[in-house]
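Student: I would like a close look at one sheet in this model and at what packs around it. Please take me through it slowly, and then set it in the context of the whole chain.

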Amino acid sequence: MKTLVMGVALLAATLSSQAADKKLLMLAGRPSHGYMEHEYRAGCLLLQKCLANTPGLQVTVVSNDWPADESVFQGVDAVFMFCTGGEGHPAAKPERLKVLGELMKKGVGFGTCHYGVEVEKGAPGDAFLALQGGYFETYWSVNPHWDADFKTFPNHPVVRGVKPFKIKDEWYYHMRFPEGMKGVTPILTALPPEDTRGRPGVSSTHGGNPHVQARKGQAEHVMWTYDRPDGGRGFGITGAHFHRNWGDDNFRKVVLNALLWISSLEVPAEGVASTVTPDDLLQNLDPKKKIVLIAGKPSHPPGMHEFRAGMLLLKGCLDGVAGVTSVVYSNGWPQDANAFENASAVVIYADGGGGHPVLQGDRRKVLGELAKKGLGLGFMHYGVEIPSTNGGPELLEWIGGYYENLYSVNPIWSPEFKTFPNHPVARGVKPFSTKDEWYFNMRWQENKEKEKVIPILVATPSDEVRKGPYVHPKGPYDHIVAASGRAETTMWVYSRPGGGRGFGFTGGHTHANWGDASQRKAVLNAILWIAKAELPSNGVESSVTPEQLRQNLDPKKK
Ligand SMILES: [Zn+2]
Ligand SMILES: [Zn+2]
């Protein structure tokens with residue numbers, strides 16, 4: 001039996017050595033960052049696909065950082081790491097650096113990309129200098145976003161077929177290189193804007209330092225290759241923050257060429273040929289729910305209708321939630337044509353009524369089509385108000401209700417929210433009261449659809465509140481006064497018959513009220529809920545300091 005097993009093992013070994021293919025192992029990091037950023041796995045799988053037709057090369061992609069089974073390193077010719085770096089770098093543990101060191105002794109090539117080029121100074125940094133001839137060192141290197149214009153290239157196999165190109169990325173530069181650049185060949189070099197060197201005098205981990213500032217006016221290297229003294233090969237490229245950049249033929253080619261080169265394969269005369277379609281770029285993305293937060297144009301006096309500041313605060317809170325990524329667009333609507341691509345939810349916090357952002361152009365149609373496909377929609381404060389004949393039907397369909405002029409009211413009052421329904425959006429929300437322009441008496445969906453509207457924040461206004469004056473028009477309205485004693489809904493959620501979800505939140509007039517943990521939690525929960533994202537058992541935990549409440553306020557005259 002033992003002989004047979006050995007025989008099979010021997011046969012397998014013979015077969016693989018007969019194939020004589022070079023073996024490239026790609027280690028893709030765990031999910032991090034926002035939508036289409038640091039897409040380690042999708043990026044590696046895309047590169048693997050581009051290399052599929054390269055004769056003599058086998059590419060294996062292992063996801064989630066360091067391989068649980070280290071036998072994947074057996075027989076490799078090169079290792080490529082595209083992953084989170086710094087102290088969280090998957091390679092930055094003594095036993096793992098040892099694994100890489102052993103491979104290096106066998107001449108195995110090594111390369112890293114973007115955040116993967118950053119390791120801590122000391123043992124990890126020294127190991128990377130030996131493996132690939134450079135790394136991002138804190139207080140020495142910088143990580144700004146800029147448009148790098150690559151005009152000329154060295155005479156090196158890695159740039160075969162690469163034409164001059166210009167591309168925006170988080171191009172780290174001023175890497176730590178070996179003394180005298182020994183063994184290093186700069187591959188991509190460009191002149192960064194001066195302000196990317198950080199504020200004069202600053203010395204920060206990633207945002208600028210005296211060393212990089214002393215090089216004012218000089219071009220910087222953002223990709224390099226390394227010939228180790230013993231003949232092994234390495235490279236580093238600092239871009240690829242944006243997944244979309246893999247769609248650029250030159251950007252992609254220089255990396256594909258480098259992957260061949262570290263695998264000790266001949267780079268074709270015109271470089272590695274490959275095509276990537278816009279659709280290809282959307283494959284294998286990490287599971288992050290994308291939430292689009294739209295903030296209206298500045299309006300009202302300071303501290304009121306601070307749409308942008310409010311959305312940025314909420315985004316800051318959502319950044320701490322696993323599995324979601326959010327983006328804020330200001331001035332009423334995204335200029336970015338890709339803004340809604342793959343979005344799970346869109347929330348609009350803006351001035352409404354006849355000037356409601358969704359009423360312009362074909363926006364209603366765009367949102368309507370996405371809503372049919374299940375896009376979550378949320379409307380906040382003035383954003384819940386829309387003319388009954390123009391937009392009203394859409395809001396009923398999308399979120400189950402809206403503020404109808406002369407039917408709904410907008411007094412400033414302090415509702416006591418004391419009890420909450422058994423609904424995910426109310427998770428962890430404690431009784432609270434904030435003084436705000438809490439609208440009520442919305443126009444609701446009728447008939448059976450009405451049952452799908454679930455009130456979340458409900459309180460009973462006093463007769464004084466009912467009698468007004470309201471903010472606009474002053475009222476009072478007979479139908480509001482006559483409803484004395486009735487509890488009113490100021491926030492609700494809605495499940496559309498087609499499966500999508502919506503919410504309406506009528507507070508949010510006064511910016512300072514975002515400082516209230518329960519008000520904030522109700523809204524953050526609602527945003528996750530409409531995006532169909534995982535809701536924490538106690539709701540979204542967040543903190544907002546008085547200092548944060550003063551940030552990003554619209555420039556308004558007092
Ligand atoms: Zn980045
Ligand atoms: Zn208001």
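**A helix across a sheet, and its surroundings**

Tutor: In this predicted model, helix H8, made of residues 307–318, lies across S10, S11 and strand S12 (343–349), and the helix runs at about 160° to S10. The strands it crosses belong to an open sheet of seven strands with mixed pairing, whose order is S11-S10-S12-S13-S18-S17-S16. At the two edges stand strand S11 (324–329) and strand S16 (453–459); each has a single partner strand, so one side of each is left without a neighbour in the sheet. Direction ignored, neighbouring strands of this sheet are turned by 15° against each other on average.

If you follow the edge strand S11 inward, you meet strand S10, residues 289–295, and the two pair in the parallel sense over six bridges. Within that pairing, Ile 291 has Ser 326 in S11 as its bridge partner.

It helps to place this sheet along the chain, which is divided into domain 1, covering 18–281, and domain 2, covering 289–549. Taken over C-alpha atoms, the centres of the two domains are separated by 44 Å, while the C-alpha trace of the chain spans about 90 × 65 × 40 Å along its principal axes.

Another sheet can be read in a similar way. Seven strands form this open sheet, again with mixed pairing, and their order is S2-S1-S3-S4-S9-S8-S7. Its edge strands are strand S2 (57–62) and strand S7 (184–190), each of which pairs on one side only, and the twist from one strand to the next averages 15°. Inside the sheet, strand S4 (residues 109–113) pairs with strand S9 (residues 233–237) in the parallel sense over four bridges, and there Phe 110 stands opposite Gly 234 in S9.

Two helices that pack on this sheet deserve attention. Helix H2, residues 40–50, touches strand S1 (22–28), S2 and strand S3 (78–82), and its direction makes about 160° with that of S1. Helix H6, residues 249–262, touches S1, S2, S3, S4, S7, strand S8 (220–227) and S9, with its direction at about 160° to that of S9.

The nonpolar cores complete the picture. The largest nonpolar core has 73 residues, and those that touch the most other members are Met 26, Leu 47, Val 79, Phe 82, Val 254 and Leu 259; H6 gives the most to this core, with nine residues. Leaving aside its neighbours within four places in sequence, Leu 259 is in contact with Leu 24, Leu 47, Leu 51, Phe 80 and Gly 111. Apart from this core lies another, of 68 residues, among them Val 292, Val 384, Val 523 and Leu 528.

For the chain as a whole, there are 14 helices and 18 strands, and of its 558 residues 45% count as buried. Among contacts between residues at least 6 apart in sequence, 77% join residues at least 24 apart.

As to how far the model can be read, the mean pLDDT of the chain is 94, and 96% of its residues reach 70 or more. Over residues 1–18, however, the pLDDT is below 50, and beyond near neighbours in sequence this stretch has zero contacts in the model. Where pLDDT is low, the predicted coordinates should not be read in detail.

Key. Residues numbered from 1 in each chain as written. Chains lettered and ligands numbered in written order. Predicted model: local features only at pLDDT ≥ 70, side-chain atom pairs only at ≥ 80, totals over all residues. Domains from an automatic or database assignment. pLDDT = per-residue confidence, 0-100. Contact = placed C-beta atoms within 7 Å. Pairing = 2+ DSSP bridges. Axes fitted to C-alpha atoms, helices over the stretch in contact; angles between N-to-C directions. Core = buried A, V, L, I, M, F, W, Y, C linked by C-beta atoms within 7 Å. Buried ≥ 20, exposed ≤ 12 C-beta atoms within 10 Å, placed from the backbone.
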